[in-house]
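Colleague: I am new to this structure and would like to go through it with you, asking at each step what stands behind the words you use.

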Amino acid sequence: MKKLKRVVAIHDISGFGKCSLTVALPIISAAGIETTVLPTAVLSTHTGGFADFTYRDLTEDIQPIANHWKALDIQFDAIYTGFLGSFEQLDLIGRFFDTFKTRDNLILVDPVMADNGELYKIFTPEFAVGMSRLCRKADIIVPNLTEAALLLGEPYNPCPHDEKYISGLLKKLSALGPKQVVLTGVSFNGKELGAATYDAATGETACIFEVRVPGYYHGTGDVFGSALLAAVINGFPLSEAAGIAVRFTASSIRKTAAAGTDIRYGVNFEQTIPELLKDLGICR
Ligand code: PXL
């Protein structure tokens with residue numbers, strides 16, 4: 001039997017409203033990858049559309065947890081970060097990267113902080129600058145278009161875009177440090193939505209689209225990032241991994257729309273896991 005690959009997922013736990021660790025853990029585990037979790041905060045719900053959510057910041061626990069894992073000589077094939085719970089966590093996670101980065105593993109940073117042209121209310125503009133610094137240490141980053149603009153210190157341009165603009169963004173983001181960039185929420189015509197990829201090693205850019213389902217479904221960035229990482233760890237090249245993640249996310253959204261579920265509740269990724277495993281070549 002081959003040894004399992006191991007990922008550490010560093011995101012919050014939002015108890016209700018599927019996103020962050022409540023999607024990363026099941027999706028990555030289902031793809032046959034051991035998933036260690038480092039929770040950055042515990043909330044009653046995510047912050048996107050629910051009033052009065054509780055918020056327990058776990059900043060103080062990060063370093064002791066990292067120290068314990070280091071003492072146990074735990075190693076990771078990938079480090080996957082998403083929603084960070086405080087400004088201080090940017091530095092702590094940067095240190096975590098320095099401690100657990102090896103020549104063979106990869107760091108995937110999803111710079112979760114903004115969408116639709118706006119920073120999430122709990123973050124400040126300084127957080128975006130700190131996130132840009134953290135992204136320099138990553139091998140792969142997965143920003144949406146709003147996060148891409150913030151990382152580059154540029155104004156946000158709403159959809160639709162053209163190929164020249166997207167390819168320019170991809171290359172500028174890669175120039176920050178990460179060799180591979182996946183931009184989400186890309187659309188050239190408003191009817192189809194998907195992702196664009198850039199691999200600095202080959203100079204290749206690619207775009208993958210599915211028909212857009214109207215409405216802003218919560219947690220889709222985390223569903224996408226988790227499936228992308230699962231595909232990369234399973235050996236798929238970046239553009240193919242992004243295709244797998246786009247199909248998985250779009251199919252999960254379609255099922256949620258068909259069920260008429262509140263868009264704040266998260267998407268029906270659970271019913272789409274069999275399709276993901278087929279796409280990954282794990283099941284027939
Ligand atoms: O899906 C991104 C995300 C993760 N975690 C929390 C959030 C959000 C987006 O709003 O609020 C707590």
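Colleague: In which loop does Ser 20 lie?

Modeller: Ser 20 lies in the loop between β1 (6–16) and α1 (21–30), where helices (H or I, at least four residues) and strands (E, at least two) are DSSP runs, numbered from the N terminus. Although Ser 20 is not a glycine, its phi is positive, about 40°. Please keep in mind that this is a predicted model, in which local features need pLDDT of at least 70 and side-chain atom pairs count only at pLDDT 80 or more, while totals for chains, interfaces and linings use all residues. Residues are numbered from 1 along each chain as its sequence is written, and side-chain values use heavy atoms, with hydrogens and water left out.

Colleague: What makes Ser 20 one of the residues that surround the ligand?

Modeller: A residue is near a molecule if one of its heavy atoms lies within 4 Å of it, and Ser 20 is in the resulting list, which also includes Asp 12, Thr 47, His 218 and Asp 222. The shell divides into five nonpolar, five polar and two charged residues, a grouping in which Ala, Val, Leu, Ile, Met, Phe, Trp, Tyr, Cys and Pro count as nonpolar, Asp, Glu, Lys and Arg as charged, and the others, Gly among them, as polar.

Colleague: Why is the approach of Thr 47 to an oxygen atom of the ligand called a polar contact?

Modeller: A polar contact with the ligand is a pair of N or O atoms within 3.5 Å; a polar side-chain atom of Thr 47 lies 2.6 Å from a ligand oxygen, so the pair qualifies. For Asp 222, an N or O atom of the side chain is 2.7 Å from an oxygen atom of the ligand. Taken alone the ligand exposes 320 Å², of which the protein buries 97%, with accessible areas taken from the Shrake-Rupley method with a 1.4 Å probe.

Colleague: How do you know that β10 and β11 pair?

Modeller: Two strands pair if DSSP finds at least two bridges between them, and strands β10 (residues 192–199) and β11 (residues 204–211) share eight, in the antiparallel sense. One of the bridges joins Ala 195 to Ile 208 in β11. In this hairpin, which has four residues between the strands, Gly 203 takes a positive phi near 75°.

Colleague: What makes β3 and β11 edge strands?

Modeller: Nine strands form an open sheet of mixed pairing, in the order β3-β2-β1-β4-β5-β8-β9-β10-β11, and the edge strands, β3 (55–57) and β11, each pair on one side only.

Terms used. A polar contact is a pair of N or O atoms within 3.5 Å; within protein, one must be able to donate a hydrogen and the other to accept it, and residues adjacent in sequence count only if both atoms are side-chain atoms.
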